[in-house]
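Colleague: Please walk me through a few local features of this model, starting with the backbone.

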Amino acid sequence: MKNVLIKKLGSTTFDRINAFVDLDSKDTFVVDTTSVFNIENHVDYCNSIVNIARINNIRFINKFFEKVNAKLNYGDTFVFCVETFSARRNRKKVYKIPFLRKLYAAFEFVFLRIFPKVKGLKTLYFIVTRGRNRILSKAEALGRVSSCGFEIRDYFRSDSVMFVIASKVKEPAFDMSPSYGPLYAMPRLGKNGKMIKVYKFRTMHPYAEYLQEYMIKMHGYADTGKPANDFRVTPWGKFLRKYWLDELPQLINVLKGEMKLVGVRPISKSYSNDIPLDLQKNRVQFKPGCIPPYVSLDRKGSVESVLQAEREYLQEKVSNPYTTDSKYFFSAIFNIIFKNKRSA
């Protein structure tokens, strides 16, 4: 088996995986399959499952991951590989032709990304492709395996694929309605600590929300208060974020009475746990807002500046509860229009 795998994977890749999994052990189950049937019916006891077939060719990826999860005990290891979108572009010659690459990229995006998510077109997509050669970003591949109860331990590139090494840490989320569409509802802390769904235009790859803790654990926060080195954000997402266009759907939350136009940012529970305790307590006394105080006060987007601006806003809000929001709203509009204030 060792010699076969070295020939199949190459010695460098073999050694990298073997550092986490004993590939020559009888307790390691090595497969080259895209069928969940082979996992369900051919895997007995093992403490590691290694699949060297690309998950791009698995029709129901999460079902496959969930079945792997069921076959392993907590702490056991799962290794798989994926051809990411960037690797796919490097492999296909058409992406090296200046004019055609844009047309082909648009075709692939529409047919391979949109068709599978639209009722009616989804059937046509699977008839033509049989669920093979799916386009997957690194963020989606890592997010999917995280949603299925695994913790990412390592990942690395080998030729045209990326290998992922993960450990079972919990049961799968069994997410039956993942967010693929342009509108995304984020769980955020509202007034009195109540969890609300804050609407935004999608700026990240699908399943990116399952990588939040992993990103913070690996890279921490950037000066802006957002996860550093965040590969989950799409190219168009960066544009939408810069001009606050991704936050326009928050007006839905305003109409629902969950948010207001001006106020502290709606943040996740994990991020709230990382800010000073006094600010945690004070900010949940009010509804979060679409326009954060640092914009109104023309401050930098660093964590310290944002938190200090929130402190000043909250203090003024307590002293002047009826006029503070109007003052901050018009100051923000002025800074955006005349001072070219942009999102952090």
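Colleague: Where is N229 found?

Modeller: N229 lies in the loop between helix 9 (212-219) and helix 10 (235-242), helices being DSSP runs of H or I with at least four residues, numbered from the N terminus. This is a predicted model, in which local features need pLDDT of at least 70 and side-chain atom pairs count only at pLDDT 80 or more, while totals for chains, interfaces and linings use all residues. Residues are numbered from 1 along each chain as its sequence is written, and side-chain values use heavy atoms, with hydrogens and water left out.

Colleague: Which sign does phi have in most residues other than glycine?

Modeller: Most residues other than glycine have a negative phi. N229, although not a glycine, has a positive phi of about 50°, and N340, also not a glycine, has a positive phi of about 55°; N340 sits in the segment after helix 16 (324-338).

Colleague: Is N229 buried or exposed?

Modeller: Buried means under 20% relative accessible area, exposed over 50%, and partly exposed in between (1.4 Å probe, protein chains only). N229 is exposed, at a relative accessible area of 59%, whereas F109, in helix 6, is partly exposed at 39%.

Colleague: Which residues form the nonpolar patch on the surface?

Modeller: Such a patch joins nonpolar side chains (Val, Leu, Ile, Met, Phe, Trp, Tyr) within 5 Å, from residues with over 30% relative accessible area and no salt bridge, that is, no Lys or Arg side-chain nitrogen within 4 Å of an Asp or Glu carboxyl oxygen. Here the patch is formed by F109, V110, I114, V118, L121, L124, I127, V128 and W236, with about 780 Å² of accessible area together (Shrake-Rupley method, 1.4 Å probe). Helix 7 (121-129) and helix 6 (98-114) each supply at least two of its residues, and the largest share, four residues, comes from helix 7.

Notes:
Patches are made of residues with over 30% relative accessible area and no salt bridge: like charges are joined within 9 Å, nonpolar side chains (Val, Leu, Ile, Met, Phe, Trp, Tyr) within 5 Å.
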